[in-house]
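This report describes the strands, helices and nonpolar cores of one protein chain. The model is a predicted one.

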Amino acid sequence: MRIAVTGSIATDHLMTFPGRFADQLVAEQLHTVSLSFLVDTLNVRRGGVGANICFGMGQLGTEPVLVGAAGADFGEYRAWLDRHGVDTGSVRISEVLHTARFVCTTDADHNQIGSFYTGAMSEARLIELKSVADRVGGLDLVLIGADDPEAMLRHTEECRSRGIAFAADFSQQIARMSGDEIRILLDGATYLFSNEYEKGLIENKTGWTDGEILDRVGHRVTTLGSRGVRIERVGEDPIEVGCAQETAKVDPTGVGDAFRAGFLSGLSWGVGLERAAQIGCMLATLVIETLGTQEYTLRRAHFMERFAKAYGDEAATEVHKYL
């Protein structure tokens with residue numbers, strides 16, 4: 001399968017202030033705040049849901065096509081993704097805006113002050129999927145991830161009009177979307193991804209019951225945190241897959257993106273839904289053990305050893321030939 005992933009491309013600039021923000025704030029002067037914090041550390045991490053998912057798929061060798069918008073400062077990030085098996089040929093480069101970025105300072109009490117700059121992400125709405133499909137020789141599935149809301153709507157409508165199967169994955173953008181927008185984005189999706197909280201929010205905002213939503217999508221894939229994932233289909237028993245045991249819980253950021261990367265890779269290999277979910281859960285475990293969303297290394301022998309321990313030798317034998 002040729003899979004394209006649309007979604008945000010961003011960098012995170014994370015700083016640590018050794019003191020307490022509260023000690024620097026004067027209650028009577030909050031209306032005229034002017035502060036500068038001397039920070040101890042700066043970590044610049046690659047991120048964005050589209051790039052995170054593609055990185056994971058690239059690690060698994062499935063050559064995903066990244067579709068999104070970035071700025072002229074994207075060169076180093078592009079080289080990183082290219083080296084890790086991602087097709088970045090359909091990333092739009094803005095002539096006037098920088099790549100989206102999150103800038104955040106955390107104090108000694110773990111309070112945070114942050115800003116998110118959308119930047120070039122707003123130009124994702126200008127990307128036409130037909131040109132992407134023509135460049136790569138056709139698309140079998142498009143995952144429509146969190147991005148510029150107008151881009152998400154355009155990509156969904158284009159998939160419908162051109163008969164391209166698509167997966168709906170609202171994640172961070174669900175909070176700002178209306179019920180009408182969510183109905184448009186999920187209706188007719190081959191896969192609908194969400195976590196448990198987002199599942200309830202989707203039902204609340206659309207006014208549709210779980211059953212009514214399931215009637216409108218092919219598969220509903222709900223991640224359950226430490227309990228793994230549940231896949232539902234109309235008229236079929238749910239498929240439930242547990243998580244592989246982690247060695248440590250270092251950082252949960254990007255775990256959901258890693259699951260999607262593994263699941264989509266399994267679909268591209270044609271190994272079946274249960275096996276695809278197991279691959280996704282195993283990759284998610286590697287991410288939770290690592291600080292950063294794209295800082296993990298997939299060592300194939302190690303991956304397969306842990307996969308067999310979690311899901312059995314038969315499952316490992318089926319997956320091994322693809323790695």
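## Sheets, helices and cores

Strand β1 (residues 3–6) runs parallel to β4, and 3 bridges join the two. Within this pairing, T6 has V67 of β4 as its bridge partner. Both strands belong to an open sheet of 8 strands with mixed pairing, in the order β4-β1-β9-β10-β11-β12-β13-β14. The edges of the sheet are occupied by β4 (65–67) and β14 (239–241); each has a single partner strand, so one side of each is left without a neighbour in the sheet. From one strand to the next, the twist averages 15°.

Two helices lie across strands of this sheet. The table gives the strands concerned and the angle between each helix and one of them.

| Helix | Strands crossed | Angle |
|---|---|---|
| α4 (residues 149–162) | β1, β9 (141–144), β10 (166–169) | about 160° to β9 |
| α6 (residues 196–206) | β11 (191–195), β12 (219–223), β13 (229–232) | about 115° to β11 |

A further open sheet has 4 strands in the order β3-β2-β7-β8, again with mixed pairing. Its edge strands are β3 (41–47) and β8 (112–117), each of which pairs on one side only. Neighbouring strands in this sheet are turned against each other by 15° on average, with direction ignored. Strand β2 (residues 10–16) runs antiparallel to β3, to which 7 bridges join it. Across this pair, L14 of β2 stands opposite N43 in β3.

The nonpolar interior can be considered next. In soluble globular proteins, nonpolar side chains tend to be buried together. Which residues have the most contacts inside the largest nonpolar core? They are L81, Y191, F259, F263, L283, F303 and F307, in a core that has 56 residues. Helix α9 (residues 273–288) gives the most to this core, contributing 10 residues. A second core, separate from the largest one, has 33 residues and includes A4, L139, M152 and I164.

The surroundings of L81 can be given in more detail. When neighbours within four places in sequence are left aside, L81 is in contact with A51, F55, L66, F74, V86, T88 and Q294. One of these contacts, L66, falls within the residue range of edge strand β4 (65–67).

Conventions
Residues numbered from 1 in each chain as written. Predicted model: local features only at pLDDT ≥ 70, side-chain atom pairs only at ≥ 80, totals over all residues. Heavy atoms only, no water. Core = buried A, V, L, I, M, F, W, Y, C linked by side-chain atoms within 4.5 Å. Buried < 20%, exposed > 50% of the residue type's maximum accessible area, 1.4 Å probe, protein only. Contact = heavy atoms within 4.5 Å. Pairing = 2+ DSSP bridges. Axes fitted to C-alpha atoms, helices over the stretch in contact; angles between N-to-C directions.
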